[in-house]
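Grab a pencil and work through these exercises with the model open beside you. Try each task before you read its solution.

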Amino acid sequence: MSKKQILLINDMAGYGKVATAAMLPILSYMGLPTYNLPTALVSNTLDYGKFHILDTTDYIKNVFPVWKELGFSFDAIATGFIVSERQARLVSQYCREQAATGTTIFVDPIMGDEGKLYNGVTPATVQNMREMVSVAHLVFPNHTEACYLTDSPYQPEGVDHAGARALIDGLRGIGAKSVLITSIPVDGQPSVVGYNHEEDTYFQLPYTEIPVHFPGTGDIFSAVLIGHLLNGELLKESTRKAMDAVYKLIDLNKDNADKNRGIPLEKYLEVIIDD
């Protein structure tokens, strides 16, 4: 059976292993033909404090008709950072069209963290992200993004089991089939919670935090998760493998001098995929 082809719609950093630069080597190593459409060209990871971003919306607008004329199609699309409201409309429309032809849509609605939206993310962008969520086979926001998407109050201390389920069901109500919410404290325990529509089951996967920050760990999680799913594994098991991979990578690199560049993935691909 041939491997499934996946398109990454995400930003590309020139310096640092984040977004497309983090996801592409992982998915390729897992044997999946991987293509990319950059939503922005970013000089370096934002953690350095100074950066330059080139919005590629006009490029994207002109790419879609060329691909349509050439008959290009993908088994799956994974979306990430969206630069503007106009870009969100273009990408959500493309995802909706492709989903209608059978393409699996994975949506990482990158909009904010710690209870706040990132600079430049507007209420209109949140609404456009809901449009992409509405055609997602799997959506995986963090706690903050889940609250914004479902118009729920953000509680920094986290939620109880009922609150976690309410957020999941709110995302399902928008139209997502399966749901994960990452980095959410449930009864005080850092967890990833989820719902698998194929089995009609909810689950909670607790984890231990390592008090070190690397940019790009969410992208590593996404790539490992999606890779296992496209290779035929179940959601809960794929999620656990992605969580374990991120933990191992942070632990192996926690003493790195320059953490702002992210984790040097190529050195650890065998570790990431080790079952």
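## Warm-up: the annotated stretch

Over residues 44–253, the chain is 46% helix and 19% strand, and the end C-alpha atoms lie 19 Å apart. Keep in mind that this is a predicted model.

**Exercise 1.** Find out which UniProt annotation covers residues 44–253.

*Solution.* The record, an unreviewed entry, gives "domain: Pyridoxamine kinase/Phosphomethylpyrimidine kinase" for residues 44–253.

## The sheet

**Exercise 2.** Work out the strand order of the open sheet, and say which strands stand at the edges.

*Solution.* Step one: trace the order, which runs E3-E2-E1-E4-E5-E8-E9-E10-E11. That makes 9 strands in an open sheet with mixed pairing. Step two: look for strands with a single partner. These are E3 and E11 (201–206), so one side of each is left without a neighbour in the sheet.

**Exercise 3.** Take strand E1 (residues 6–13): is it mostly covered or uncovered, and in which sense does E1 pair with E2?

*Solution.* Start with burial, where the cut-off is under 20% relative accessible area. By that rule, 7 of the 8 residues of E1 are buried, leaving the strand mostly covered. Next, go to the pairing: E1 and E2 run parallel, with 7 bridges between them. For a concrete pair, pick Asn 10, whose bridge partner in E2 is Pro 38.

**Exercise 4.** Describe how E9 pairs with E8 and with E10, and use Val 179 as your marker.

*Solution.* As a reminder, strands of a sheet pair through backbone hydrogen bonds, either parallel or antiparallel.

1. Strand E8 (residues 138–139) pairs with E9 in the parallel sense over 2 bridges. Here Val 139 stands opposite Val 179 in E9.
2. Strand E10 (residues 189–196) runs antiparallel to E9, and 6 bridges join them. This time the partner of Val 179 is Tyr 195 in E10.
3. Now for the surroundings: 7 of the 9 residues of E9 are buried, so the strand is largely enclosed by the rest of the structure.

## Two positive phi values

**Exercise 5.** Ser 183 and Asp 187 are residues other than glycine with a positive phi. Where is each one located, and is it buried, partly exposed or exposed?

*Solution.* Take Ser 183 to begin with. Its phi is near 55°, and it sits within strand E9 (residues 178–186). A relative accessible area of 44% makes Ser 183 partly exposed. Leaving out residues up to four places away in sequence, Ser 183 touches His 143, Ser 191, Val 192 and Tyr 207. To get a feel for distance, compare its C-alpha with that of Leu 235: the two are 52 residues apart in sequence and 17 Å apart in space.

Then turn to Asp 187, which has phi near 50°. Asp 187 lies in the loop between E9 and E10. Those two strands form a hairpin with 2 residues between them, and Asp 187 belongs to the turn. At 52% relative accessible area, Asp 187 is exposed, because the cut-off for that class is over 50%.

## Salt bridges

**Exercise 6.** How many salt bridges does the structure hold, and which parts of the chain does the Lys 17–Glu 266 pair link?

*Solution.* The count is 7 salt bridges. In one of them, Lys 17 meets Glu 266, with the closest N and O atoms 2.8 Å apart. This pair links distant parts of the chain, 249 residues apart: Lys 17 is in the loop between E1 and helix H1 (19–29), while Glu 266 is in the loop between helix H8 (235–253) and helix H9 (269–273). Both count as partly exposed, Lys 17 at 25% and Glu 266 at 45%.

**Exercise 7.** Explain why Arg 172 and Asp 169 are separated by about one helical turn.

*Solution.* The two residues are 3 apart in helix H6 (residues 161–174), so about one helical turn separates them. Their side chains meet in a salt bridge, 3.2 Å from N to O. Arg 172 is partly exposed at 30%, and so is Asp 169 at 31%.

## One surface patch

**Exercise 8.** Which residues make the nonpolar surface patch of about 250 Å²?

*Solution.* The patch is made by Leu 46, Phe 51 and Ile 53. Zoom in on Phe 51: its place is the loop between strand E2 (34–42) and strand E3 (53–55). Phe 51 is partly exposed, with a relative accessible area of 40%.

Terms used: Residues are numbered from 1 along each chain as its sequence is written. This is a predicted model: local features need pLDDT of at least 70, side-chain atom pairs count only at pLDDT 80 or more; totals for chains, interfaces and linings use all residues. Side-chain values use heavy atoms; hydrogens and water are left out. UniProt positions are given in the numbering used here, feature names are shortened, and annotations may be inferred rather than shown by experiment. Helices (H or I, at least four residues) and strands (E, at least two) are DSSP runs, numbered from the N terminus. Buried means under 20% relative accessible area, exposed over 50%, partly exposed in between (1.4 Å probe, protein chains only). Contact means heavy atoms within 4.5 Å. Patches are made of residues with over 30% relative accessible area and no salt bridge: like charges are joined within 9 Å, nonpolar side chains (Val, Leu, Ile, Met, Phe, Trp, Tyr) within 5 Å. Accessible areas come from the Shrake-Rupley method with a 1.4 Å probe; for residues, only the protein chains shown count as cover. A salt bridge is a side-chain nitrogen of Lys or Arg within 4 Å of a carboxyl oxygen of Asp or Glu. Two strands pair if DSSP finds at least two bridges between them.
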